[in-house]
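Thanks for sharing this one. Here are my notes, as numbered points, to read with the structure open beside you.

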Amino acid sequence: MEGENKIKVIKGKKVVINGEIRPATILIRNGIIIDIKEYSIEIKEEHEILIDENELIIMGGLVDSHVHVNEPGRTEWEGFLSATSAAASGGVTTIIDMPLNSSPVTTTYDNLQSKIKSMPGKLRVDVGLLGGIIPGNASEISRMVLEGGVVGFKSFLVHSGIDEFPHVQETDIQEAMDVMKQLRDECGGRDVVMMFHAETEEPIKEATERLEREKADPKLYDTFLQSRPRVSENIAIDKVIELCKKNQVRTHIVHLSSSDAIKSINEAVHHDKVPITAETTYHYLYFVSEQVPYGNTLYKCCPPVREGENKDLLWKAVNEGTIKIIVSDHSPCTLDLKLIEQGDFMKAWGGISSLQLGLPIIWTEAKKRGVSLVKLSEYMSDEPSRLVGLNDRKGSIKIGRDADFVIWDPEESFIVDQDLLMVKNKNSPYHGEKLHGVVHETILRGNKIFKRGDQSISRILGQRLIPTKIHTNSIYPNPTLPEIELLNSLSKSSFIECTNLLFESAPPLANELYEKRPFSSYQQLINDADKIIKSLNPNDKIQVINAHPRIGSSAAQVKKSSSISYREQNCDKDSSIDQSILETLKNLNNQYESKFGFKFVEFVNGRSKSEIIPIIEQRLNNEKQSELDKGLSEMIEISKSRLLKLK
Ligand SMILES: NC(=O)NC(NC(N)=O)C(=O)[O-]
Ligand SMILES: [Zn+2]
Ligand SMILES: [Zn+2]
């Protein structure tokens with residue numbers, strides 16, 4: 001682990017921040033954006049300059065919330081290493097993996113665990129996982145959220161293409177939504193989004209039978225297009241809206257293709273305040289059905305790429321904000337399943353490979369339509385991240401978020417050469433297309449994970465992401481702790497971010513706690529922490545006790561280091577109390593620290609700052625050793641009281 005407090009710096013003349021493109025200097029510590037300053041501020045020589053850029057655009061790393069990684073199981077189709085390598089090369093720093101086409105599909109807690117076990121050593125970017133909802137698995141939902149840390153669920157209203165992932169009926173959806181309501185109302189708001197592949201069977205079946213009767217040519221794209229009419233999406237989406245309205249649980253329509261449905265989504269959101277969102281994908285915003293070559297099944301996906309007028313209406317919806325999420329729906333397979341020789345659209349696998357190309361694909365179209373870079377950052381980072389409850393950590397550039405960036409040139413163009421793609425199965429309908437926008441560098445939590453032309457960067461730094469509500473980024477206003485089973489399963493840095501909430505950031509304690517996993521309960525964790533602290537050498541004991549902010553420090557200082565202490569010490573009231581109290585506390589802290597050589601720590605327990613003054617005065621008369629032990633035992637009391645608030 002690099003120096004705990006080393007500051008890294010990113011400077012740029014064209015930085016996308018808060019809805020504008022401007023010069024800025026970004027300060028990063030431990031992978032988190034801790035400050036955004038004027039471009040011209042002086043950089044201290046101990047700071048590490050990561051990027052100093054005059055021309056290229058610097059933007060928050062992209063978040064692609066619809067990726068089929070297909071590991072474990074169908075790793076000949078894709079896998080975590082190839083998918084996250086492609087993501088890194090495309091400026092994508094977070095991907096959300098779908099519950100299919102891995103095998104086993106992620107429809108039980110145990111299957112989720114087998115997916116989690118397949119990840120270590122393969123993540124070049126951060127990865128969140130979705131669970132799957134199929135008929136009869138509602139009993140698995142809670143555990144996949146509370147102990148498994150999934151960021152949402154996906155289900156199909158039509159055959160998914162994979163037999164082990166059957167589609168749901170209305171009763172299955174209602175059963176799942178009942179569980180979501182329980183998670184929201186009884187488990188501290190730990191509800192997550194339900195995503196739907198919204199097509200219905202009936203119109204597809206009728207159209208397909210008619211086309212068969214007419215002996216329509218399966219190599220003609222129009223035959224496939226007619227077999228999946230817009231009405232199939234429209235009916236499915238109306239049903240999803242109805243269920244979302246009835247249950248008021250967060251719902252999402254994936255890969256919207258039918259522009260007919262935009263109106264009903266708009267009305268649901270703006271008129272009926274239904275908690276529903278919709279995404280569209282790169283291919284619906286780039287290709288048109290009229291241009292699909294005869295028999296070229298690489299263009300096949302479900303729902304289908306539709307006509308040019310449909311594409312224009314999707315872009316209009318993007319411009320108006322009805323569609324605020326643009327993702328890949330990267331759904332690769334082995335070439336044989338695309339039946340390239342037969343060119344049979346009706347039998348080929350549905351799914352398009354595009355994970356690495358999203359930014360240039362969308363920018364090429366957006367620049368023609370006057371859609372700004374700023375809006376792309378919102379729709380390809382912020383909104384997908386919000387969808388899966390990660391927008392405190394991931395999204396556009398903001399203090400407190402992970403230091404994820406893409407550095408790219410919107411002016412540069414290139415011809416797509418599929419052989420240069422990092423995905424496992426390289427055949428792509430984008431091959432040969434001229435796109436605008438070249439990614440030069442990608443940064444994940446302050447580390448370079450991709451640099452154009454530099455094959456030497458192949459660092460495996462990605463983490464599995466758990467939902468924001470139980471993620472504990474210290475800047476996040478209302479953190480809560482994960483279930484103990486989920487805590488035990490976290491990567492070291494995520495584990496430590498959780499324990500920092502209880503004990504503040506004290507490496508000698510945190511590192512030893514991590515080695516002691518698994519814990520049966522938080523009570524056992526605190527008891528073990530107490531034992532560890534007692535066993536530390538004096539220097540480490542002092543480092544642990546000094547992790548706590550001083551009582552009486554400025555509110556801004558306390559908030560920056562510990563949002564929990566900020567609340568415990570009632571810092572929000574500081575501006576209204578007699579400033580002499582803060583002055584007295586400051587002096588007493590200085591006396592205490594110069595006498596004992598470490599900070600004064602007391603379990604404030606809601607008492608006012610003035611009530612603490614006589615306590616620090618009295619404790620100034622004690623011996624050093626007894627004060628060190630007292631301060632450390634106060635820390636344990638603080639952690640017990642925090643546990644009550646955080647669970
Ligand atoms: N099983 C799949 O990967 N399906 C995917 N296939 C597409 N979109 O054609 C999807 O998202 O529905
Ligand atoms: Zn789908
Ligand atoms: Zn998909």
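1. Let me start with a question: which domains give residues to the shell around ligand 1? Bear in mind that this is a predicted model. Both domain 1 (1-129 + 398-455) and domain 2 (198-371) contribute, so ligand 1 lies between them.

2. Next, the shell itself. There are 15 residues around ligand 1, and those that come nearest are Asn101, His197, Cys302, Asp329 and Ser331. By class, the shell has nine polar residues, five nonpolar and one charged.

3. The polar contacts of ligand 1 deserve a look if you plan to inspect the pose. An oxygen atom of ligand 1 sits 2.7 Å from a backbone N or O atom of cysteine 302. On the nitrogen side, a ligand 1 nitrogen atom is 3.1 Å from a polar backbone atom of serine 160, and a nitrogen atom of ligand 1 lies 2.7 Å from a side-chain N or O atom of aspartate 329. As for cover, ligand 1 on its own has 320 Å² of accessible area, and the protein covers 98% of it.

4. Now the metals, beginning with the zinc ion (ligand 2). Its protein donors are ND1 of His197 and NE2 of His255, at 2.0 to 2.1 Å. This pair links distant parts of the chain, 58 residues apart: histidine 197 belongs to strand β9 (residues 193-197), while histidine 255 is in the loop between β10 (251-253) and α8 (262-271). The site has four donor atoms, with angles of 56 to 145 degrees among them, and is irregular. His197 is also among the residues that come nearest to ligand 1.

5. The zinc ion (ligand 3) has three protein donors to check: His66 (NE2), His68 (NE2) and Asp329 (OD), lying 2.0 to 2.2 Å from the ion. Along the chain these donors follow the spacing H-x1-H-x260-D. Histidine 66, in strand β5 (residues 62-67), and aspartate 329, in the loop between β12 (325-327) and α11 (358-368), are 263 residues apart and link distant parts of the chain.

6. Why is the arrangement around the zinc ion (ligand 3) irregular? The four donor atoms subtend angles of 84 to 134 degrees, which makes it so; the tetrahedral class needs all angles between 85 and 135 degrees. For reference, the ideal angle for four tetrahedral donors is 109.5 degrees. The zinc ion (ligand 3) and the zinc ion (ligand 2) are 3.7 Å apart.

7. Finally, some backbone geometry. Most peptide bonds are trans, and most residues other than glycine have a negative phi. The bond from leucine 100 to asparagine 101 is cis, with omega near 25 degrees; asparagine 101 lies in the loop between β6 (92-97) and α2 (109-117), and Asn101 is one of the residues that come nearest to ligand 1. Another cis bond joins arginine 517 and proline 518, with omega about 0 degrees, and proline 518 is in the loop between α15 (507-515) and α16 (522-535). Leucine 339, not a glycine, has a positive phi of about 50 degrees and is found in the loop between β12 and α11.

Key: Residues numbered from 1 in each chain as written. Chains lettered and ligands numbered in written order. Predicted model: local features only at pLDDT ≥ 70, side-chain atom pairs only at ≥ 80, totals over all residues. Heavy atoms only, no water. Near = heavy atom within 4 Å. Polar contact = N/O pair within 3.5 Å; in protein donor to acceptor, adjacent residues only side chain to side chain. Areas by Shrake-Rupley, 256 points an atom, 1.4 Å probe, with all protein chains shown as cover. Nonpolar A, V, L, I, M, F, W, Y, C, P; charged D, E, K, R; others polar. Domains from an automatic or database assignment. Donors = N, O, S within 2.8 Å, 3.2 Å for Na, K, Ca; no water. Tetrahedral: all angles 85-135°; square planar, octahedral: opposite > 155°, others 65-115°. Helix = DSSP H or I, 4+ residues; strand = E, 2+ residues; numbered from the N terminus.
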